[in-house]
Structure formats: C-alpha cells, structure tokens
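Ready for some practice in reading a fold? Work through the exercises below with the model open beside you, and try each task before you look at its solution.

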Amino acid sequence: FEKEILPSGRHLAIEDAAIGQLANMKILEIKSVLYAKILKATCLELQIVVDIPKEVVTLNILIPDLVRILGILLDNAIEAALETEEQKLYIGIIEEKEQGYIKVSNSSKPVENISLLFEQGYTSKQKHIGVGLYEVEKLLKDKEEVFLNTEYKEGEFVQLLQIIKKEENN
C-alpha cells in the first residue's frame, strides 16, 4: 500500500487539483492546450501549480496564435524543469478589465543570455532545431497590444505574457 497505492493517490490528487483550476478557463481552445500540457507535466511527475482564480472569457489575441504561443512556452518550461532537481512548473492566468496576464514559470538551470533564446536556430537542447521562442517572437512581432517579458532569477525562468484589451468605441 505504501509503495504502490499511496503514491498513485497523491499523483492523482495533484493532477486533479491542477486540472480543476481549468474550470475557470472559458476559452475552449486554450483550455484544451492547457489540459494536454498539464497532463504531460503530471505524467512526467513535475510539481505543478495551476492558478486561474477567476473566469477567463476573452483575451485580445487571435486564439490560434495564443494556442501556438502557449504550446511552445509550456513545452519549453516542462523540458527545462525536468533538467532540474526541483522540477517545478507554474501556470497562472488572470483576466482583468483592461488586460490579461499569462505567467509560465519553471525551475531552471542558469540562463546566461536570454536574448539568445529568441534567435532562430539557437537551442540549448540536444536534438532540437531552435525555432520555438523564435516562432513566439514572430507571432508577437506585429501585436502592439501583447508583450512578453522573459527573465531568469535564482533558479526560476519566468515568461509573463501581458495582453492589453482594446478600448471599445462609444
């Protein structure tokens, strides 16, 4: 019981808590990509926290672009977290009246030069071609209302996507 059943129950409880937070994500395409990545992370036994404290109904970005961006950010975060002792992943999403925020953070080995990560062909991983963050940058290039802030600090790699909502004309 201690070796087989109890650890499985703990794993399911963590997975249920993470997936339970998705109830507040009302954009189905985003909910789907989050579900897939959370399932992947829990199967890899990452320590995962999902924080979507209130309903998210609309974000001012094309949904296919956001799905692609989130997929890349989460895949990178999962891969990087697996290379650390802590193996932590955090996903936070909040929608405010004037803007929305998506935060993806993970435990990380030191990152010396963040700007290199966004260059086409640059990769710190074996058997990768280095297009993920370059693709994110391309998707965000012409989006004046969307900002991506990327930083590394004390073993944590953080990507914060800020999406400003357009003012409605009266």
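**Exercise 1: The overall picture**

Of the 170 residues of the protein, 36% count as buried. Keep in mind that you are looking at a predicted model.

Task: Find how many helices and strands the protein has, and in what pattern they follow along the sequence.

Solution:
- Step 1. Count the elements: the protein has four helices and five strands.
- Step 2. Now read along the sequence, and you get the pattern α-α-β-α-β-β-α-β-β.
- Step 3. Turn to the contacts between residues at least 6 apart in sequence: 68% of them join residues at least 24 apart.
- Step 4. Finish with the surface. The protein exposes about 10,500 Å², and carbon and sulfur atoms supply 50% of that area.

**Exercise 2: From β1 to β3**

Task: Work out whether β1 and β2 run parallel or antiparallel, then do the same for β2 and β3.

Solution:
- Step 1. Locate β1 at residues 47-51 and β2 at residues 88-95. These two strands run parallel and are joined by five bridges.
- Step 2. Check one pair: I48 has L89 in β2 as its bridge partner.
- Step 3. Look for the helix that belongs with them. Helix α3, residues 63-82, forms a left-handed β-α-β unit together with β1 and β2.
- Step 4. Move on to β3, residues 99-107, which is antiparallel to β2 and joined to it by seven bridges. In this pairing, I94 has Y101 in β3 as its bridge partner.
- Step 5. Follow the chain from β2 to β3: a hairpin of three residues makes the link.

**Exercise 3: Putting the sheet together**

Task: Give the order of the five strands in the open sheet, and say which strands stand at the edges.

Solution:
- Step 1. Add β5, residues 156-164, which pairs with β3 in the antiparallel sense over nine bridges. Here S105 stands opposite V158 in β5.
- Step 2. Write down the order: β1-β2-β3-β5-β4, an open sheet with mixed pairing.
- Step 3. Look at the two ends. β1 and β4 each have a single partner strand, so one side of each is left without a neighbour in the sheet.
- Step 4. Compare directions: neighbouring strands of this sheet are turned by 10 degrees against each other on average, direction ignored.
- Step 5. Place the helix. α3 packs on the sheet and touches β2, β3 and β5, and its direction makes about 20 degrees with that of β3.

**Exercise 4: A closer look at F147**

Task: Decide whether F147 is buried, partly exposed or exposed.

Solution:
- Step 1. Find F147 in strand β4, which covers residues 146-153.
- Step 2. Use the cut-offs: buried means under 20% relative accessible area, and exposed means over 50%.
- Step 3. F147 has a relative accessible area of 43%, so it is partly exposed.
- Step 4. List its contacts, leaving aside neighbours within four places in sequence: F147 touches L160, L161, Q162 and I164.
- Step 5. Finally, take the C-alpha atoms of F147 and Y101. They are separated by 9.7 Å, and the two residues are 46 residues apart along the chain.

Methods:
Residues are numbered from 1 along each chain as its sequence is written. This is a predicted model: local features need pLDDT of at least 70, side-chain atom pairs count only at pLDDT 80 or more; totals for chains, interfaces and linings use all residues. Side-chain values use heavy atoms; hydrogens and water are left out. Two strands pair if DSSP finds at least two bridges between them. A crossover is right-handed if, with the strands pointing away from the viewer, the path from the first strand over the helix to the second runs clockwise. Buried means under 20% relative accessible area, exposed over 50%, partly exposed in between (1.4 Å probe, protein chains only). Contact means heavy atoms within 4.5 Å. Axes are lines fitted to C-alpha atoms, for helices over the stretch in contact, and angles run from 0 to 180 degrees between N-to-C directions. Accessible areas come from the Shrake-Rupley method with a 1.4 Å probe; for residues, only the protein chains shown count as cover.
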